[in-house]
Amino acid sequence: MSDNTIIFYDIPAKNELIWSPNTWKIRYALNYKGIPYKVVWVEFPDIESEMKKLGVQPTDTYPDGSPGPCYTVPTIYDPKTKRHITDSILIARYLDDTYPDRPLLFPPGTRTLQAPWSDVLTWPFLAPMFQFLMPATTWVMNSSSDKFLRNKMPIPMEEVYPSGEKKVEEWKKVEKGFAKMEKWFEKEDTFVCGDTVTFADFALGGYLMWIKIVLGPDSAEWKDVASWNNGRWGKFLKSLEKYEKL
């Protein structure tokens, strides 16, 4: 590992699962640009103290939009510039600005177009998926992070996850969200910007990875998602496999 290897902070899980949609965006981005990095794993309850110790600035809001300050991952440290950067969109812009000789995450003229993609994916189109994903996330967490997440919820996670007829109805809402998003794509387009992979694709890929990993690659739920809209989402994630590792 060279002295200029980027440090990339991520959240661990059981069985070495890599699950976080937000850190997946940057994992994809670093791999796409071919930038060497070392992963430092930080459990949920340790993120704030670790970031404060490193002198990392908090973001202004929490992921749900409530007022911060909030200490989050992904965060990177780049020894080339001796800077810490947090928040996936800011990290992605930094990587393009600092390493412009490598493949661009934001082709010229697309930064404004791509900026809303992370929010678009979470609200309102795919919000019904969260009642499935949040409990399933705790089930793959290590004990300290599992406890931390459960303490954030007013009811047990097992009660958050829909069951019976409610599960059927809520899953239909999830499918409708994906169907609406599918209409944004031209039939022949593989990626958000046509044939060119961009950061918006990594935002979508991170979300799909979250679904696949925490619900399980062999689960009925993931098989549903992968097959919807003529298999678009399964094929889309497959197209990003080359960027899962350096």
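**Exercise 1.** Find which residues F202 is in contact with, leaving aside its neighbours within four places in sequence.

Solution. Contact means heavy atoms within 4.5 Å. With those neighbours left aside, F202 touches K25, Y28, A29, Y32, L105, V197, L240 and Y243.

The structure is a predicted model, in which local features need pLDDT of at least 70 and side-chain atom pairs count only at pLDDT 80 or more, while totals for chains, interfaces and linings use all residues. Residues are numbered from 1 along each chain as its sequence is written, and side-chain values use heavy atoms, with hydrogens and water left out.

**Exercise 2.** Describe the largest nonpolar core and state which helix supplies its largest share.

Solution. Step 1: a nonpolar core is a set of buried Ala, Val, Leu, Ile, Met, Phe, Trp, Tyr and Cys residues joined through side-chain atoms within 4.5 Å. Buried means under 20% relative accessible area, exposed over 50%, and partly exposed in between (1.4 Å probe, protein chains only).

Step 2: the largest core has 70 residues, and F202 is among those with the most contacts inside it, as are L95, M129, F178, L208, I211 and V225.

Step 3: elements that each supply at least two residues include β1 (6-10), α1 (21-33), α9 (164-182) and α10 (199-215). Helices (H or I, at least four residues) and strands (E, at least two) are DSSP runs, numbered from the N terminus. The largest share, twelve residues, comes from α10.

**Exercise 3.** Work out where the buried residues of α9 lie around its axis.

Solution. Step 1: E170, W171, V174, G177, F178 and M181 are the buried residues of α9.

Step 2: seen down the axis, these buried residues fall within an arc of 105°, so they line one face of the helix. The arc is that of the directions from the helix axis to the C-beta atoms.

Step 3: E165 and K176, on the other side of α9, are exposed.

**Exercise 4.** Decide whether D97 is buried or exposed.

Solution. D97 sits in helix α3. Its relative accessibility is 51%, so D97 counts as exposed.

**Exercise 5.** Give the strand order of the open sheet and name its edge strands.

Solution. Step 1: the four strands follow the order β2-β1-β5-β6, with mixed pairing. Two strands pair if DSSP finds at least two bridges between them.

Step 2: β2 (37-41) and β6 (83-86) each pair on one side only, which makes them the edge strands.

Step 3: β1 and β2 run parallel and are joined by five bridges. One example is Y9, whose bridge partner in β2 is V40.
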